[in-house]
Amino acid sequence: MFKHHLWAILYTIALVGFTVYIALDTFVLETVYDEIPEATAEVTSSVTTSITEVTEVTTVPETTTSAIETEATATVEDVEPIITDNYYSDGSITITITEYRENDTAIYVADVVLSSAEYLQTAFAKNAYGKNVTEKTSDISERVGAILAINGDYYGAQETGYVIRNGVLYRSTGSSDNEDLVIYADGSFEIISENDVTAEGLLADGAYQVLSFGPALVQSDEISVTVDEEVGKAKTSNPRTAIGIIDDLHYVFVVADGRTDESAGLSLYELAEFMQGLGVETAYNLDGGGSSTMVFNGEVINNPTSSGNSIKERKVSDIVYIGY
């Protein structure tokens, strides 16, 4: 009789232990699959070499040599940016922050105009691709020197969904339900279904970033979600994060507060309506809830919360940002 109960006890302990391990492995334990190499002096060297070679083979009229040399050697750092609490401009990047109040919700909009698509970038938490590798949006932003940043798609909480970041393919396992945002090297946007194209195919076509959360909010200027459609089928108001494109190299980053007495939050349809009102051609829903965070010039400018009881950032796996 005792042996029978002993085996039952041991089996129960083993089962509980295994269940706890699975839960920890799924939601807590960090697993790094790939560390992202830091930029090295070799890159600077190759750029310098290229500039030198051009200088050596180019003949410049004597009267204009001084002006062209000055322009060629000037860098972004030489241009004194104009910075206020809600504005940044340095000649290559212009960002204007506006706070709206709609549907009893505080909504923060960063209107972004770039001279080059290279300034629209993404970054991983702790500079590593993996599962449960997380860091606050503000901390990732500070590390990469972002001027503006929002949380990304929280790829690390999923087992599937394409992951292409800064031109590198990290995950090619798709899901039949996934609707992704593709950002191409020229800065253009496209919404795709993972049913219709492989990650390798997207990379070959010039995809520079692929974000896999969704759904698409606006396509070809038209709202593409229904009134009842919702992430997780919650059909409720929540904090939200979205990104949209208005025109070539003209974007909006949007974060809506929610779950507090001061800000109710938005449904997906309300968010889509708001994005359409901003004049976007394409808009896409990113991870929301407690993840929704906007950082501008080193400061968190919205009120991120998971429960509504306290205002604090949730750690996330990635960000989308504007910077050099």
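**Close-up 1. The largest nonpolar core of this predicted model holds 33 residues.** Three of its members touch the most other members: Ile95, Leu148 and Phe253. Strand E5, residues 105-114, gives the most to this core. Its share is five residues. Apart from this core lies another, made of 18 residues. Leu217, Val218, Val225 and Leu266 are among them.

**Close-up 2. Ile95 and the residues it touches.** Residues up to four places away in sequence are not counted here. Asn86, Tyr87 and Tyr88 are among the contacts of Ile95. Ile95 also touches Ala110, Asp111 and Val112. Further contacts of Ile95 are Ile147 and Leu148. Phe296 and Ile322 complete the list. Leu148 appears in the first view too, as one of the core residues that touch the most other members.

**Close-up 3. Nine strands form an open sheet.** The pairing is antiparallel. Read across the sheet, the order is E2-E3-E4-E5-E18-E17-E19-E15-E16. Strand E2 (82-84) is one edge strand. Strand E16 (222-223) is the other. Each of these edge strands pairs on one side only. Strand E5, with its five core residues, sits between E4 and E18 in this order.

**Close-up 4. Strands E17 and E19 are joined by five bridges.** E17 covers residues 240-247, and E19 covers residues 282-286. The two strands run antiparallel. Which residue of E19 is the bridge partner of Ile245? The partner is Thr282.

**Close-up 5. The second largest pocket has about 380 Å³ of space.** Its lining has 15 residues. Closest to the pocket centre are Asp177, Asn178, Glu179, Phe213 and Gly214. What kinds of residues make up the lining of the second largest pocket? Seven are polar, five are charged and three are nonpolar.

**Close-up 6. The largest cavity has about 30 Å³ of space.** The count of cavities of 30 Å³ or more comes to one. Ala117 and Leu120 belong to the lining of the largest cavity. So do Ile183, Tyr184, Ala185 and Gly187. Tyr208 and Gln209 line the cavity as well. Two elements give two or more residues to this lining: strand E12 (179-184) and strand E14 (207-211). How many of the lining residues are charged? There are no charged residues in the lining of the largest cavity; six are nonpolar and two are polar.

Technical notes: Residues are numbered from 1 along each chain as its sequence is written. This is a predicted model: local features need pLDDT of at least 70, side-chain atom pairs count only at pLDDT 80 or more; totals for chains, interfaces and linings use all residues. Side-chain values use heavy atoms; hydrogens and water are left out. On a 1 Å grid over the protein atoms alone, a cavity is a set of points where a 1.4 Å probe fits but cannot get out, and a pocket is an open set with protein on both sides within 12 Å along at least five of seven lines; lining residues have an atom within 4 Å of a point. Grid points are joined across faces, edges and corners, and a volume is the space filled by probe spheres set on the points. Ala, Val, Leu, Ile, Met, Phe, Trp, Tyr, Cys and Pro count as nonpolar, Asp, Glu, Lys and Arg as charged, and the others, Gly among them, as polar. Helices (H or I, at least four residues) and strands (E, at least two) are DSSP runs, numbered from the N terminus. A nonpolar core is a set of buried Ala, Val, Leu, Ile, Met, Phe, Trp, Tyr and Cys residues joined through side-chain atoms within 4.5 Å. Buried means under 20% relative accessible area, exposed over 50%, partly exposed in between (1.4 Å probe, protein chains only). Contact means heavy atoms within 4.5 Å. Two strands pair if DSSP finds at least two bridges between them.
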